[in-house]
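This report describes one protein chain, moving from the overall fold to selected local features. The sequence and structure are shown first.

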Amino acid sequence: MNTNQLDKQNFFDLGNLDSLRQDALKSASDQKASNEALKKAAQQFESIFTQMLLKSMRKANEVLEDKDSPFNSSSVKFFEEMHDQQLSIELAGKGSLGLADLIVQQLSPNSEGYTPASVLRTNAELQSDKIANGKAASIGVSGAVDKSDKAQQETPQDSFDDPASFVAAMWDHAKEAAEKIGLNPAVMIAQAALETGWGKHVIAKQDGSSSFNLFNIKSDKSWQGESARKLTLEFEQGLPVQKQANFRAYDSVKESINDYIEFLQNNPRYDEALKKVKQPAQYLDALQQAGYATDPNYAQKIKSVLQRGEFKQMLTSLIRQGVN
């Protein structure tokens with residue numbers, strides 16, 4: 001992509017904004033004009049982001065400044081801010097951060113197969129977004145993963161072929177286990193679907209076999225069974241952070257589902273959630289508030305799976321076939 005739209009712009013030239021407006025008006029009937037308008041708007045956004053970044057850096061450096069120095073006077077800071085504003089335009093014009101390219105790829109109607117992603121995420125974490133949006137995709141672990149962890153990240157060989165087979169394999173056991181707490185088994189299956197990409201990406205053990213951990217429950221000192229190690233994404237103070245973590249490993253789907261119920265029952269922090277099992281939406285909200293997952297959109301993503309027409313059809317088909 002050519003990123004030189006802002007090369008000759010000046011931050012204080014208000015005509016640039018009018019130029020963006022004019023390009024946007026032309027784009028309604030002209031595809032080429034639409035693409036150009038998108039490029040310019042994306043670069044403008046990158047320049048604003050860069051300016052915010054520079055401002056934050058300056059702010060962080062204030063604690064080290066000598067307040068009595070003439071180089072830290074208000075007039076110097078004024079011109080320093082002007083410099084940063086213009087610098088943000090120059091950097092965006094050269095595509096220094098690449099943010100404009102990502103925006104164009106994400107928003108362009110001609111970009112097929114593009115997956116919008118945060119650079120801090122792994123592909124595995126993005127899968128939850130795709131499931132919630134009704135899209136299927138394969139999962140892999142991105143970038144900097146230690147070679148020693150590679151085998152532990154690979155999809156186990158005994159993963160499920162498709163969402164229908166995943167739901168069918170879970171239904172019997174989920175129905176039986178859910179009765180213990182009065183929960184709709186569909187809620188459990190939807191949560192497992194979100195956690196594992198419809199069973200295609202269950203955490204693998206060291207030998208490459210499946211851990212059957214359908215709910216990504218971590219292993220702590222109280223866990224006496226096998227464990228599987230995986231690179232995961234946690235949200236700390238609203239920011240995503242990659243970490244290595246140990247997860248419980250089971251011998252079967254049934255064992256995983258039963259342990260999920262026991263896990264909730266044996267942890268007092270989930271008492272409030274267990275009181276709301278008759279209202280799935282409230283149950284999921286309470287589950288998230290209790291700290292089951294650090295993703296701030298966790299509950300909403302599961303609700304989106306539950307609302308999908310394809311998911312409802314799978315459950316209806318199972319019931320009609322007499323799978324109980």
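## Loop between helix 8 and strand 1

F212 lies in the loop that runs between helix 8 and strand 1. The model is a predicted one, and in it F212 has a positive phi of about 55° although it is not a glycine.

W198 is also placed in the loop between helix 8 (185-196) and strand 1 (227-236). Its backbone has a positive phi of about 60°, and W198 is not a glycine either. Is W198 buried or exposed? W198 counts as buried because its relative accessibility is 6%, and the limit for buried is under 20%.

## Overall make-up

The protein contains 13 helices and two strands. It has 324 residues, of which 41% count as buried.

Among contacts with a separation of 6 or more, 64% are between residues 24 or more positions apart. The exposed area of the protein is about 18,400 Å², and 51% of it is supplied by carbon and sulfur atoms.

## Packing of helices 7 and 9

Helix 7 (residues 163-178) and helix 9 (residues 253-265) have axes that come within 9 Å and cross at roughly 30°. The crossing of helix 7 past helix 9 is right-handed.

Which residues of the two helices meet? On helix 7 they are A169, M170, H173, A174 and A177. On helix 9 they are V253, K254, I257, N258 and I261.

## Helix 13 and P163

E310 belongs to helix 13, which spans residues 309-320. E310 is partly exposed, since its relative accessibility is 41% and that class lies between 20% and 50%.

E310 and P163 are 147 residues apart along the chain, and their C-alpha atoms are separated by 9.4 Å. P163 is also the residue at which the range of helix 7, 163-178, begins.

## A nonpolar surface patch

F45, F49, L53, M57 and L97 make a nonpolar surface patch of about 490 Å². One of these residues, L97, sits in the loop between helix 3 (74-93) and helix 4 (99-107).

Why can L97 be part of such a patch? L97 has a relative accessible area of 46%, which makes it partly exposed. Patch residues need over 30% relative accessible area, so L97 meets that requirement.

Technical notes: Residues are numbered from 1 along each chain as its sequence is written. This is a predicted model: local features need pLDDT of at least 70, side-chain atom pairs count only at pLDDT 80 or more; totals for chains, interfaces and linings use all residues. Side-chain values use heavy atoms; hydrogens and water are left out. Helices (H or I, at least four residues) and strands (E, at least two) are DSSP runs, numbered from the N terminus. Buried means under 20% relative accessible area, exposed over 50%, partly exposed in between (1.4 Å probe, protein chains only). Contact means heavy atoms within 4.5 Å. Accessible areas come from the Shrake-Rupley method with a 1.4 Å probe; for residues, only the protein chains shown count as cover. Patches are made of residues with over 30% relative accessible area and no salt bridge: like charges are joined within 9 Å, nonpolar side chains (Val, Leu, Ile, Met, Phe, Trp, Tyr) within 5 Å. A salt bridge is a side-chain nitrogen of Lys or Arg within 4 Å of a carboxyl oxygen of Asp or Glu. Axes are lines fitted to C-alpha atoms, for helices over the stretch in contact, and angles run from 0 to 180 degrees between N-to-C directions. A crossing is left-handed if the near helix is turned anticlockwise from the far one by less than a right angle, and right-handed if clockwise.
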